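Let's take a walk through the charged side chains of this one and see who pairs with whom. Have a look at the model first, then we'll go through the pairs.

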Amino acid sequence: MNRVRFPRKELQKELLEAKAVIRPVGLWRNWYIGSLLMAIAISFLGFGLVSPLRTLYARTEGASGGEVGLMAAAYLFSAFIFLFPFGWLADRYSRVGLIVGGLIAHGIITLSYMWATSGEFFITLRFVEGISSAAVLPAARALLADLVPEGRNGEAFGLMSAGMTFGMLGGPPAGTFLADGFGYTLAYILAAAIFVPAILMVLFAFRNYHPQHHSQHHAASTVATGSNRQSLPEKLWTTPVIVGVLHRIALGLGPGLAISIWSIYMADLGFGLTLIGWTYSVYAIPVLLVAPGAGRLSDRYGRLGMMFAGGLLVSLVWISYGFMSTFALFMVMGVVEGSLDAVSRSANDGYLADHTPPRLRGRAQAYFNAATQFGSLVGALLAGFLYEINKPLPFIVLGGFELALMVLALAISVVSSRRPATMAVPERQF
């Protein structure tokens with residue numbers, strides 16, 4: 001019997017190619033993707049440094065409870081309104097330019113808090129800060145979608161979520177430590193300075209970047225139907241997008257509550273500045289660790305199950321916060337919340353990116369972020385009023401509202417999946 005012999009070199013080549021298919025190269029190794037993710041992570045470190053300080057600082061400078069609530073509302077309102085024009089600009093002009101301009105403005109505004117001495121000044125600064133945030137996020141997320149290979153949206157946006165959360169990991173403990181030991185001024189100076197390396201990194205990394213606009217991702221705009229491939233219609237508001245947007249609104253309620261009253265709630269329970277900072281970080285640590293892996297899992301096994309399982313459980317966590325009073329329990333539930341939130345958001349980001357026509361990415365990301373901001377705006381406004389009535393009430397009411405929206409989105413998804421469709425984006429991606 002003759003045996004077929006394969007040359008050793010050929011066999012090794014086949015094995016290497018097989019491994020490359022099984023283990024794709026990490027997205028962060030791509031020069032543009034890695035630089036963008038790093039710049040976003042650094043900028044959010046500056047943002048996170050002062051995130052637990054704004055309301056407390058405003059209150060020490062004489063701002064009333066109503067003015068403190070309006071600070072959060074002003075930021076979320078402007079971030080919501082200005083997402084639409086900036087999303088339009090991101091599709092027509094330089095996404096890199098919008099990112100750089102927004103980061104510069106954010107750094108200057110952060111430094112300006114040192115001179116705020118009235119509630120009106122604080123509210124104005126938060127309003128302008130929301131505009132700078134609206135300039136950065138849609139452009140950055142659209143740019144990431146441009147750069148990501150087909151079928152890896154979940155992983156890419158999971159990495160971005162981890163980078164953004166990195167700021168909430170190191171920023172709040174450092175900021176509260178500085179404010180507690182040296183005063184608020186030093187914390188704001190350091191936060192503003194942190195934006196500088198993020199700006200320089202984007203300018204350097206993308207100095208030779210030439211976007212191919214929409215042709216480079218043509219494959220992402222087609223789906224397989226039998227032996228033919230058909231183009232996705234240039235239509236944004238499809239049923240899957242509506243489901244994803246409802247999910248994003250629901251997930252935005254909790255952060256809105258946190259922006260408005262979390263630091264004050266912790267202080268009223270008797271926790272000092274340092275402990276308050278750690279309640280932010282204990283949420284951020286699992287997000288940083290879980291989000292990239294959750295994105296990869298959603299790429300491989302589907303997104304809807306992860307979206308709704310994580311989202312429904314997160315709403316229950318928010319309800320439970322209204323019944324807690326011990327620091328250790330807040331820390332434990334913060335880990336649970338961060339893990340579930342990372343799973344749900346990563347799957348949602350990939351799901352919406354899957355169903356976005358390439359020519360509409362800038363506007364689509366603006367709408368998606370606007371949905372999150374809208375949820376946060378509602379959460380911030382309601383939390384402030386409900387907190388005046390009863391301190392645990394915001395957590396119970398908004399957690400229940402989040403749960404109801406999740407159930408509504410899930411019901412729409414189930415009903416629409418049972419209808420015959422001529423063409424659908426495959427849920428499972430490889």
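A quick bit of vocabulary before we start: a residue counts as buried when its relative accessible area is under 20%, with a 1.4 Å probe and protein chains only. Keep in mind, too, that this is a predicted model.

By that cut-off, both Glu-129 and Arg-126 are buried. Their side chains meet in a salt bridge, with N to O at 3.0 Å. Where do Glu-129 and Arg-126 lie? Both are in helix H7, which covers residues 119-147, and they sit three residues apart, about one turn of the helix.

Now hop over to Arg-303, which has more to tell. One of its partners is Asp-299: the two side chains form a salt bridge at 2.9 Å, N to O. Asp-299 and Arg-303 are both buried. Arg-303 also forms a salt bridge with Asp-354, and here the closest N and O atoms are 2.6 Å apart. What does that pair tie together? Arg-303 is in the loop between helix H11 (273-301) and helix H12 (304-321), while Asp-354 belongs to helix H13 (residues 327-354), so the contact links parts that are 51 residues apart in sequence. Like Arg-303, Asp-354 is buried.

There's also a network to look at: salt bridges link Asp-91, Arg-95 and Asp-146.

And how many salt bridges turn up if you search the whole structure? The search finds eight, including the Glu-129 to Arg-126 bridge within helix H7 and the one between Arg-303 and Asp-354.

Conventions:
Residues numbered from 1 in each chain as written. Predicted model: local features only at pLDDT ≥ 70, side-chain atom pairs only at ≥ 80, totals over all residues. Heavy atoms only, no water. Salt bridge = Lys/Arg side-chain N within 4 Å of Asp/Glu carboxyl O. Helix = DSSP H or I, 4+ residues; strand = E, 2+ residues; numbered from the N terminus. Buried < 20%, exposed > 50% of the residue type's maximum accessible area, 1.4 Å probe, protein only.
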